[in-house]
Amino acid sequence: MENTTLLIEMGLLLLAIGAFAGVLAGLLGVGGGIVLVPAFFYAFSALGFESEQLMQMCLATSLATIIVTSLRSLHAHNKKGAVDWAILKTWSIGIVVGAVLGVLLVSSLRTLTLQLIFGGLAIIVGLYMTFGRNHWRLGQAMPTGIARAVLSPLLGFLSVLMGIGGGSFGVPVMSLYNTPIHRAVATAAGFGVLIAVPSVLVLLFKPVAIAPPYTIGSVNLAAFGLVVAMTLVTAPWGAALAHKTDAVRLKRVFGVFLVLVALNMLRKAIGA
């Protein structure tokens, strides 16, 4: 009876998390991972699965969902001709290398350290969403040579440390180098696949000591299945709502919300 109650509670929480992440992804064009990681953390903590490897499981499960959602997004954008395959191909090796380095680091770190890393990086992303401007530029074309060799693995590395796809770092980088925003969003979906696939392949073989039911390695399959199902349903709702609202203002509001979530995670990490 106790196990049944736990499964019901877990299922309801995950359905709600997936619905929320899907709406935000459609509404703001941000990857679900930026919401899923803290949501998984609070949900699994509340259900009694706190451990030194909890954040590792949250990151891994978030990355698993990103494989599905990024592939779906990449396919949809490609049908409209919005994906810049030249950028995707030339940045792919560096992104994969960075993702693999990131997942090797993640698999060796404990929850406290990963909380601090996620909180710090989420504050940076939140501040950019709040105060960033579309006209900001670092260059008129995507960098090549040494600059690309540094930026592409860094993008993959930082994304894995947060358990997110290519959007939160990839879109700002491409925008800052004069890539039109719709092409940046479309191409970032491809970044998400390159980041998530190698990471999940590694984390499937990294078991966690205290895990919810239906966990393989560090990936909770129940969370993966329920969240993916809900995001596929609710993301179109968010996209439809985006056409009726001021997306720029909403993105800034979400940026503030993300900073507050990150600060709360940092507060919990330091025990304040």
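## Helix 2, a salt bridge and the nonpolar core

In this predicted model, the buried residues of helix 2 are G33, I34, V35, L36, V37, P38, A39, F40, F41, A43, F44 and S45. The helix is thus described as mostly covered, with 12 of its 14 residues buried. Helix 2 spans residues 33–46 and reaches 19 Å from its first C-alpha to its last, close to the 20 Å expected at 1.5 Å a residue. Just after helix 2, G48 adopts a positive phi of about 95 degrees.

Helix 2 residues also appear in the largest nonpolar core, which holds 75 residues. Those touching the most other members are I34, F40, F44, M55, L63, M162 and F191. Helix 3 gives the most to this core, with 11 residues. For M55, the contacts beyond its neighbours within four places in sequence are V37, F41, T111, L114, Q115, F118 and M265. Of these partners, V37 and F41 are buried residues of helix 2.

The model contains 1 salt bridge. This salt bridge pairs D84 with R183, and the closest N and O atoms are 3.9 Å apart. D84 lies in the loop between helix 3 (54–79) and helix 4 (85–106), whereas R183 belongs to helix 8 (residues 181–203), so the pair ties together parts that are 99 residues apart in sequence. The accessibility of the two partners is as follows.

| Residue | Relative accessible area | Class |
|---|---|---|
| D84 | 18% | buried |
| R183 | 24% | partly exposed |

Key. Residues are numbered from 1 along each chain as its sequence is written. This is a predicted model: local features need pLDDT of at least 70, side-chain atom pairs count only at pLDDT 80 or more; totals for chains, interfaces and linings use all residues. Side-chain values use heavy atoms; hydrogens and water are left out. Helices (H or I, at least four residues) and strands (E, at least two) are DSSP runs, numbered from the N terminus. The expected span of a helix is 1.5 Å times one less than its number of residues. Buried means under 20% relative accessible area, exposed over 50%, partly exposed in between (1.4 Å probe, protein chains only). A salt bridge is a side-chain nitrogen of Lys or Arg within 4 Å of a carboxyl oxygen of Asp or Glu. A nonpolar core is a set of buried Ala, Val, Leu, Ile, Met, Phe, Trp, Tyr and Cys residues joined through side-chain atoms within 4.5 Å. Contact means heavy atoms within 4.5 Å.
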